[in-house]
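Q: Could you pick one part of this model and walk me through it closely? I'd like to know how it sits among its neighbours.

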Amino acid sequence: MASVVGLVLFGAVLVVHTLFAAVLTRFFRLRLKTQWGYVIYSFAIIPVVLLVTTLVFFGVFPIGAGLNLGGTALLGAAIGLPLALGFTIDTLYVPPPEEIDLPDRTR
């Protein structure tokens with residue numbers, strides 16, 4: 001049976017993973033000047049980062065021990081869902097880098 005603490009910690013991991021995915025997507029959008037480059041990098045590199053943090057959170061720290069999730073369900077919930085949410089948040093709800101005016105620092 002899942003404990004309340006286990007569910008809260010699992011939710012916290014999902015929030016942290018979503019934050020990682022959104023920040024990394026934004027980083028790639030700012031650094032890469034191509035139209036599809038940030039999409040390719042986001043879907044190639046962010047799952048690796050989320051996999052490493054999943055192994056740390058659920059392997060080293062027994063966060064999801066009582067949840068009885070299988071391997072596929074755990075990877076789908078801890079990597080797939082935050083990747084989709086983070087990418088969507090940054091792509092749809094944050095203004096594109098081209099629309100943000102920065103001050104001129106040529107002194």
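**A close look at helix α2**

A: Let's start with the packing: the buried residues of α2 pack against α1 and α3. Keep in mind that this is a predicted model.

Which residues of α2 are buried? They are Gly37, Tyr38, Val39, Ser42, Ile46, Leu50, Thr53, Thr54 and Phe58. As for why buried positions can recur along a helix, an α-helix has 3.6 residues a turn, so residues three or four places apart point the same way.

Now the overall run of the helix. α2 has 24 residues, and from its first C-alpha to its last it reaches 34 Å, close to the 34 Å you'd expect at 1.5 Å a residue. There is a bend along the way, though: about 25° at Phe43, with a proline, Pro47, following within four residues.

α2 also has a share in the surface. Val48, Val52, Val56 and Val60 join Phe61 to make a nonpolar surface patch of about 440 Å². Phe61 itself sits in the loop between α2 and α3. Its relative accessibility is 46%, so Phe61 counts as partly exposed; the cut-offs here are under 20% for buried and over 50% for exposed.

Follow that loop onward and you get to α3, one of the packing partners. The contact shows up from this side too: the buried residues of α3 pack against α1 (4–31) and α2 (37–60). On α3, those buried residues are Leu74, Ala78, Ile79, Pro82, Leu83, Gly86, Phe87 and Asp90. The 23 residues of α3 (residues 71–93) should span 33 Å at 1.5 Å a residue, and the end C-alpha atoms are 32 Å apart, which agrees. α3 has a bend as well, about 30° at Ala77.

Gly80 is also a residue of α3, but at 34% relative accessibility it counts as partly exposed. Between Gly80 and Ile45 there are 13 Å in space, C-alpha to C-alpha, and 35 residues in sequence.

That leaves α1, the other partner, and Arg26 is a residue to check there. Arg26 has a relative accessible area of 15%, so this residue is buried. Leaving aside residues up to four places away in sequence, Arg26 touches Asp90, Val94, Pro95, Pro96, Pro97 and Ile100. Asp90, remember, is one of the buried residues of α3.

Technical notes. Residues are numbered from 1 along each chain as its sequence is written. This is a predicted model: local features need pLDDT of at least 70, side-chain atom pairs count only at pLDDT 80 or more; totals for chains, interfaces and linings use all residues. Side-chain values use heavy atoms; hydrogens and water are left out. Helices (H or I, at least four residues) and strands (E, at least two) are DSSP runs, numbered from the N terminus. The expected span of a helix is 1.5 Å times one less than its number of residues. The bend at a residue is the angle between axes fitted to the seven residues ending there and the seven starting there. Buried means under 20% relative accessible area, exposed over 50%, partly exposed in between (1.4 Å probe, protein chains only). Contact means heavy atoms within 4.5 Å. Patches are made of residues with over 30% relative accessible area and no salt bridge: like charges are joined within 9 Å, nonpolar side chains (Val, Leu, Ile, Met, Phe, Trp, Tyr) within 5 Å. Accessible areas come from the Shrake-Rupley method with a 1.4 Å probe; for residues, only the protein chains shown count as cover. A salt bridge is a side-chain nitrogen of Lys or Arg within 4 Å of a carboxyl oxygen of Asp or Glu.
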